Amino acid sequence: MNEFIKYRREFHHFPELGWREIRTSARVAEILEGMGYSCLMGDQVVNTDTISFEMLSAEEKQKEMERAVNQGAKPEYAERTGGYPGVIAELDTGREGPVTAFRFDIDCLPYQEPEKDGFRPYDEGYISCNRDRVHACGHDAHTAIGLGLARALLDQQDRLCGKIRIIFQPAEERYNGAQSIVDKGHLDDVKNFISVHMALTAEGWPLPSNTIACGCKDFLSDDQLDITFHGKAAHPCGASQEGKNALLAACSAALNIHSIAPHEEGLCRVNVGILNAGVAVNTIAPNAFMSVEYRGQTQTITKYARKRVFDILDGAAKAYDITYTCDDLGEIPAGQSDDAMMEVIERAAKKVPWFEKIYFEGNVGGTDDASVMMNKVQENGGIATYAGIGCDTTQPLHNPEFDLDEDSIPAAIQMLTYAVEELNGRAQ
């Protein structure tokens, strides 16, 4: 079995949620330094001020570090994280040339992977060992591809110039994973940026094995809000007129948010992902909590969605005579790949026999915080892309029974290596 497929299976077996990827970071750094790289870790990678509102407590970080060691991380690497996940390795050729950066996300999703016959991770013994944690978005494969690229670069470093920076990013599925790395300054000098994702789509269809999409231009911005409704408890039979029902206000708001009309200028998406309310079956609910997100393809659409969401929240609060508070978690911006970098991917893919069909443009169909890094590089005058690696899958992304064609991993490594040869090839 290919070495990097083995790594993929290892990371699949030990999935970790955003801001808890201590074992993954420790193993990535151990493998990279075994190759000869020096790695940045912990607060050398992420700006801790950026993530202060969502970071784990000191006690939680220590617990995650202990779990990582119990699951095979070397203690010295777990300690180097300081409880902050993320790893950056860089190949500095010592010769003048551009800085090219690659982003590989490392976190998982909060689902329970099924233990059933016929499901390959279960049959072959690499199913998740962490309850309610599963790599259902291909980040285990992304991590393996990043390690494979790092190895390939060492083999050809004498033919390269400039610097190649490989970023293993935490918390793509949460918030501020990419932003914390941008705020630390790691994209300030980057002129070329590439990120890849398994199993995207093109022309409205999932990308099967032996295909690739060279870039995507349909990133939606993503704003997330945590809303708490504040009502008043009362007995529903005794003095119900005294109660102020936060549960009903939240339900009314959720239904109306999902009724927001689309926008003629492009994609607009809203979702209430979490709703919790009440204290007891015989008490009018004095509180309710819900998490809301809205996405837009343009700034105009984003502003439209935001106004409608808050109109609905205001209306629900007024209708039920209650108040609400809002924690605004911020925005992951929209973004677009550059044609010039998509052409680099296209030329590289043509050199890899595994890729039998090449789509110039694919579809994200949503949001990925790689757009934060892409936008930063583009603001610097550089070029960027977010490419889709086609692979047959057992289920769509974000399904707990998701598994993928692992032959896509060595093909992606080879393709990215050819891209580096063009971007950072040494003049002969």
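This report walks through a sheet, a pair of helices, a pocket and a cavity in a predicted model.

## The open sheet

Let's start with the strands. Eight of them make an open sheet, and going across it you meet β1, β2, β4, β3, β5, β14, β8 and β13, in that order. The pairing is mixed. At the edges sit β1 (39-41) and β13 (357-359), each of which pairs on one side only. From one strand to the next, the twist averages 20 degrees.

Now zoom in on two of these strands. β3 (residues 99-105) and β5 (residues 192-198) run parallel, and four bridges join them. Look for A101, which stands opposite F193 in β5. A helix packs on the sheet too: α6 (residues 139-155) touches β2 (87-92), β3, β4 (163-169) and β5. Compare directions, and α6 makes an angle of about 150 degrees with β3.

## Two helices that cross

Next, find helix α1 (residues 3-13) and helix α12 (residues 408-424). Their axes come within 9 Å and cross at roughly 120 degrees. The crossing of α1 past α12 is right-handed.

Which residues meet here? On the α1 side they are F4, I5 and R8, and on the α12 side they are I409, P410 and I413. Sorted by class, this contact has five nonpolar residues, one charged residue and no polar ones.

## The largest pocket

Time to look at the open space. The largest pocket holds about 1,400 Å³. Its lining is made of 48 residues, and the closest to the pocket's centre are L109, E173, E293, R295 and H398. By class, the lining has 22 nonpolar, 14 polar and 12 charged residues.

Which strand gives the largest share of that lining? It's β11, with four residues. β9 (221-230), β10 (268-277), β11 (287-296) and β12 (323-332) each supply at least two residues of the lining.

## A closed-off cavity

What about space that is shut in? The count comes to one cavity of 30 Å³ or more, and the volume of the largest cavity is about 50 Å³.

You can pick out its lining residues one by one: Y175, N176, G177, Q179, E331, I332, D369 and V372. They divide into three nonpolar, three polar and two charged residues. Two elements, α7 (177-183) and β12, give two or more residues to this lining. You've met β12 already, as it also supplies at least two residues to the lining of the largest pocket.

Key: Residues numbered from 1 in each chain as written. Predicted model: local features only at pLDDT ≥ 70, side-chain atom pairs only at ≥ 80, totals over all residues. Heavy atoms only, no water. 1 Å grid on protein atoms, 1.4 Å probe; cavity = no way out; pocket = protein on both sides within 12 Å on 5 of 7 lines; lining within 4 Å. Points joined across faces, edges and corners; volume = space filled by probe spheres on them. Nonpolar A, V, L, I, M, F, W, Y, C, P; charged D, E, K, R; others polar. Pairing = 2+ DSSP bridges. Axes fitted to C-alpha atoms, helices over the stretch in contact; angles between N-to-C directions. Contact = heavy atoms within 4.5 Å. Left-handed = near helix turned anticlockwise from the far one by under 90°.
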